[in-house]
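Here are my notes on the model, set out as numbered points. Please read them alongside the sequence and the coordinates.

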Amino acid sequence: MGEWESNRCRRCFNIVPDGPKCPICGATRDDFLPPSERHNLFARLSFYSSVVASLQWDAQAIDLGPDARAWQDMPNERRQRLTRLLAGFCVAEDAVAEHLRPFGDATDDTLLAWVLFLQRRDEVRHAEFFDRVGAEVLGLAGASAAERRAAARELTTPAILDLFETELPAMAGELAASRLQLEDGVSLYHMVIEGIVLSSAQQALLEDLEDGAMPGVSDGVHRVSLDERWHIGLGLRCLIEAQPSPDKIQELMGKVHEASEAWGDAVPQPIRDHVTQLTARRMSVSGLGGYADPELDPLQGLVS
Ligand SMILES: [Fe+2]
Ligand SMILES: [Fe+2]
């Protein structure tokens with residue numbers, strides 16, 4: 001039990017229930033033994049099926065009526081901040097659901113392809129939930145999800161639009177054409193987009209809504225954030241297996257820093273710093289980085 005510190009997984013640094021496996025990244029106690037004593041490096045991919053089953057929820061079942069009423073009376077400054085985040089999610093979750101498609105074809109491992117299919121099912125549900133928030137709470141104009149998403153585009157930041165409408169589709173296109181490897185896609189999708197951009201905005205929303213002002217939105221964002229944790233864990237697992245080159249880690253950390261600014265001041269600086277450091281720690285304890293010359297280590301100074 002000494003390998004699990006305060007119920008915090010040493011690999012992904014998420015708080016985990018006491019048990020034989022981390023439900024986020026799949027690490028077992030075995031992973032923290034010296035290499036010569038390990039039995040298996042990773043938990044079996046089939047473990048994700050039980051994680052997914054335990055997290056199932058219905059995007060249509062959350063009552064957004066009280067949220068819609070509270071929205072009308074919300075002070076302008078708070079409403080603008082929340083609008084930027086929630087409209088961003090209307091754009092982002094639809095994009096991640098769409099552009100996860102090529103990932104399953106980029107692996108010969110059928111079990112990994114199945115888990116990526118499960119992840120995509122989550123993303124479709126997230127898109128459905130945030131479309132409801134757009135329609136029922138924000139009051140976005142449009143008779144269809146596509147029309148409401150077009151309205152949401154006008155309300156979020158240029159950096160978010162660039163990331164989800166240009167950079168992510170371009171990467172997915174390269175992956176589909178076999179000009180990128182799976183780990184390249186995972187670096188942008190799971191580590192940067194999910195680990196930094198979406199994670200920081202979820203935290204900002206949950207902190208903002210701690211006062212119970214919008215219980216339905218808060219509940220949905222909380223459920224989304226739980227799903228996203230295993231997605232990030234899956235990405236980390238892929239990266240550990242692929243062992244990307246130092247140059248690719250350097251490139252990834254550059255994107256991490258850039259992406260942490262994507263929401264502007266709608267995400268408070270302490271949350272941006274926290275998700276950046278968390279990503280660096282996840283990679284460091286997973287053996288990604290760890291340069292002989294500390295001056296060259298892109299994780300240097302980020303891992304305490
Ligand atoms: Fe999602
Ligand atoms: Fe996700």
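**Notes on fold, core and one helix pair**

1. Read from the N terminus, the protein runs α-α-α-α-α-α-α-α-α-α-α, that is, eleven helices and zero strands, where helices (H or I, at least four residues) and strands (E, at least two) are DSSP runs numbered from the N terminus. This is a predicted model, in which local features need pLDDT of at least 70 and side-chain atom pairs count only at pLDDT 80 or more, while totals for chains, interfaces and linings use all residues. Residues are numbered from 1 along each chain as its sequence is written, with chains lettered from A and ligands numbered from 1 in the order in which they are written.

2. The largest nonpolar core (buried Ala, Val, Leu, Ile, Met, Phe, Trp, Tyr and Cys residues joined through C-beta atoms within 7 Å) has 78 residues, of which Leu 85, Leu 86, Ile 193, Val 197 and Ala 201 touch the most other members. A residue is buried if 20 or more other C-beta atoms, placed from the backbone, lie within 10 Å of its own. The largest share of this core, 13 residues, comes from α8.

3. Beyond its neighbours within four places in sequence, Leu 86 is in contact (C-beta atoms, placed from the backbone, within 7 Å) with Phe 130, Val 133 and Leu 138.

4. The axes of α8 and α11, lines fitted to C-alpha atoms over the stretch in contact, with angles running from 0 to 180 degrees between N-to-C directions, come within 9 Å and cross at roughly 145°. Residues making this contact include Gly 195 and Ser 199 of α8 and Val 275 and Thr 279 of α11.

Definitions and conventions
Buried ≥ 20, exposed ≤ 12 C-beta atoms within 10 Å, placed from the backbone. Contact = placed C-beta atoms within 7 Å.
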